[in-house]
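Grab a pencil and try each exercise before reading its solution.

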Amino acid sequence: MFLALGGYELFYLVGVKGDLGALIFGILLASHSKAAELNKSLMNFKDLFLIGFFLSIGFTALPTLSMIGISLIITLVILAKFALFFLLLTKMKLRGRTSFLSSMILSNYSEFGLIVVALSVTNGWLEKEWLVVLALAVSFSFVITSVLYRNVHRMYRKNKDVIRRFESSDCLPEDRFVQPVNSDILVVGLGRVGRGAFESLKGFVGDTVAGMDADRNSINQMQVAQENVFYGDGEDADLWERLDTTRIDLVLLALPASRRHHQCRHTAT
């Protein structure tokens, strides 16, 4: 907090916008070894400040029916955003599932856009009513995308044939599915529990145990150590359709409960 406020005041004293000073001090802290821990500690403050920002917008003007109507019309534009993101990502040779999920989460409006609008209102470039209109549109987009994304995997399974039509015939190297070689047991998820199970099973049956995880860095490190592991996302319905499990006698799921539920449904399908 001292560095953020101190950086602001330091830049302000020399005639530069204080926001820039706080930003630069944040950039300098980003490479510190404790940056991830610091981020977790400050996340509650960020949420508190964000709530305060939305409350300050609420004090600007009271929403009217016309404002709500305009904000709903603006919210409908997220459908165009979704379509544009989906077409762009598929043209970049990403798989249909990746493009679909990414477009869904990217289609909402960002609260950072409100900062730009608030500055425009402060400088007299926009009427204050537009700040309320766009704040409502952002809120509506959050609600819609959060509800839809909760069922996004089910939506993909129902419409996967249509979605896959937009895929490029030449997929990216990262999207090529790897088949487990000479493996009788597959451990899905190589976190703390999965890694322990993988090592224990290796002690019993040797190298006929394969491991799969969605963390590329962890997989790369284990492959350097000559471990029989490969990259794969257990929630990916495409992977389970194309994965050859005819020689595998046991699949061990070492995933969080929510992801394990999704994966069991994919495997059953």
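**Exercise 1: a loop aspartate**

Decide whether Asp175 is buried or exposed, given its relative accessibility of 14%.

Solution. Asp175 counts as buried, since 14% relative accessibility falls in that class (buried is under 20% relative accessible area, exposed over 50%, partly exposed in between, with a 1.4 Å probe and protein chains only). This is a predicted model, where local features need pLDDT of at least 70, side-chain atom pairs count only at pLDDT 80 or more, and totals for chains, interfaces and linings use all residues. Residues are numbered from 1 along each chain as its sequence is written, and side-chain values use heavy atoms, with hydrogens and water left out.

Next, place the residue: Asp175 sits in the loop that runs between helix H9 (152-164) and strand S1 (185-188) (DSSP runs numbered from the N terminus: helices are H or I, at least four residues; strands are E, at least two). Then look for partners: beyond four places in sequence, Asp175 touches Lys93, Leu94 and Arg95 (contact is heavy atoms within 4.5 Å). Finally, check a long-range pair: Tyr231 is 56 residues from Asp175 along the chain, and their C-alpha atoms are separated by 9.7 Å.

**Exercise 2: positive phi**

Take Lys93 and Gln226: in which loops do they lie, and what are their phi values?

Solution. Start with Lys93, one of the residues that Asp175 touches. Lys93 belongs to the loop between helix H5 (77-91) and helix H6 (96-106). Its phi is near 75°, a positive value in a residue other than glycine. Lys93 is partly exposed, at 34% relative accessibility.

Now Gln226, which lies in the loop between helix H11 (216-224) and strand S3 (229-231). Gln226 isn't a glycine either, yet has a positive phi of about 65°. With a relative accessible area of 70%, Gln226 is exposed. Why bother flagging these? Because most residues other than glycine have a negative phi.

**Exercise 3: two buried helix residues**

Find out what Thr145 and Leu201 touch beyond four places in sequence.

Solution. Thr145 goes first: it is part of helix H8, and its relative accessible area of 6% makes it buried. Its partners are Met104, Ser107 and Asn108.

Leu201 comes next, in helix H10 (residues 192-205). Leu201 is buried too, at a relative accessible area of 19%. The contact list for Leu201 reads Ile185, Val187, Gly206, Val209 and Leu252. For a distance check, use Gly191: it is 10 residues from Leu201 in sequence, and the two C-alpha atoms are 15 Å apart.

**Exercise 4: span and kink**

Compare the expected and actual end-to-end spans of helix H3 and H9.

Solution. H3 covers residues 35-58; at 1.5 Å a residue, its 24 residues should span 34 Å (expected span is 1.5 Å times one less than the number of residues). The end C-alpha atoms of H3 are 33 Å apart, which agrees. H3 still has a kink of about 40°, centred on Leu42 (the bend is the angle between axes fitted to the seven residues ending there and the seven starting there).

H9 has 13 residues, and a straight helix of that length would span 18 Å, but H9 spans only 15 Å. Look at Lys158: a kink of about 65° in H9 is centred there. To finish, list the buried residues of H9: Val152, His153, Tyr156, Arg157, Lys160, Ile163 and Arg164.
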